[in-house]
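Subject: Structure handover

Dear colleague,

I am passing on the structure we spoke about, and I would be glad if you could look through it alongside the notes in this message.

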Amino acid sequence: MSFFSSVLKTDENTEQNCASWMDSPAWKRLLFLASKRAFPHSCAVVINEDLHMHAALAIVRVLLCENGSGDDECRACAAWSGERHPDLAYGGAPSKPPSIDDCREIIDAMAYRPVVSSRRVAVIFSADTMMLPAANSLLKLAEEPPEYVHMLFLLSDEKLFLPTLRSRSWTVSLPSPRSGTGIAPPQTEEEWIRWIEKNAKSEVDELVLLLAPWISYEVERGAYDKAASLERLRLLILTKRLSRTMVLDLIVLALKEGIVFEHSFGDLW
Ligand SMILES: [Zn+2]
């Protein structure tokens, strides 16, 4: 099992969210820099709050690993105990920003040399909702960290990140379902007519690809039932060897006419 799947596999919802941000060039670049010992000393990652812990762990595992893999037999990898590591300190928790006392503990913790790894990491959660005195207390560490220290800020809203911290950090925004990766299916009669005309000559594979952004769209707006129906439709098209015309008909039936196709499949086949 790769470290991604072992670190990130916790629940279904998170797994669904991963596809968009884990595939993004920004994320791949972050991990690449972490693996090559070229990671910035102060880095802010903007991503859905649900994913803060997952994203942090994935980066820190690579950062602390002696070989830059994040999942091997090295001393640093062997020192993990769940989400804890001797060279890792957390400030706050997902959705709970660190208090000024938490920040002081972080500063103290970062003053010690690494225990098993060659570096130490401070993960600061909800950096966009920290109280001003707490955020200010971290300025000096963010500006002049010891050479072995990395500070990783997790936040959901870049606009709320204190400018003084932002100016000291390399900020990376990762895509997520909430940032709008989905596309709405056609809604009106006219939109459907245009869609059918445009796709009348599409191959079945192409039609299947069109369904994915529609599924994302339904997930984004919380219409999980619709998303699940679309996903079943997608699987059905993938597994049955249907003609292009049948696939087009099926999509229109299911979406435009709103037919609950679990019930109609029996009639169709
Ligand atoms: Zn390792």
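The notes below take up one strand and then one pair of helices.

This is a predicted model, in which local features need pLDDT of at least 70 and side-chain atom pairs count only at pLDDT 80 or more, while totals for chains, interfaces and linings use all residues. Residues are numbered from 1 along each chain as its sequence is written.

Strand β4 covers residues 149-155, and 7 of its 7 residues are buried (20 or more other C-beta atoms within 10 Å of the residue's own, with C-beta atoms placed from the backbone). V149, M151, F153 and L155 point one way from β4, whereas H150, L152 and L154 point the other way. In a regular strand the side chains alternate between the two faces of the sheet.

Strand β1 (residues 42-46) runs parallel to β4 and is joined to it by 5 bridges, with S42 having M151 as its bridge partner in β4. Strand β3 (residues 120-124) also runs parallel to β4, again with 5 bridges, and there V123 has L152 as its partner.

Turning to the helices, α10 (residues 189-199) and α13 (residues 244-256) pack at an angle of about 165 degrees, with their axes 12 Å apart. That makes α10 roughly antiparallel to α13 (angles over 145 degrees count as such). On the α10 side W192, I196 and N199 meet L248, V252 and K256 of α13, and the residues of this contact (C-beta atoms, placed from the backbone, within 7 Å) divide into 4 nonpolar, 1 polar and 1 charged.

With best wishes

Terms used:
Axes fitted to C-alpha atoms, helices over the stretch in contact; angles between N-to-C directions. Helix = DSSP H or I, 4+ residues; strand = E, 2+ residues; numbered from the N terminus. Parallel < 35°, antiparallel > 145°, perpendicular 65-115°, else oblique. Contact = placed C-beta atoms within 7 Å. Nonpolar A, V, L, I, M, F, W, Y, C, P; charged D, E, K, R; others polar. Buried ≥ 20, exposed ≤ 12 C-beta atoms within 10 Å, placed from the backbone. Pairing = 2+ DSSP bridges.
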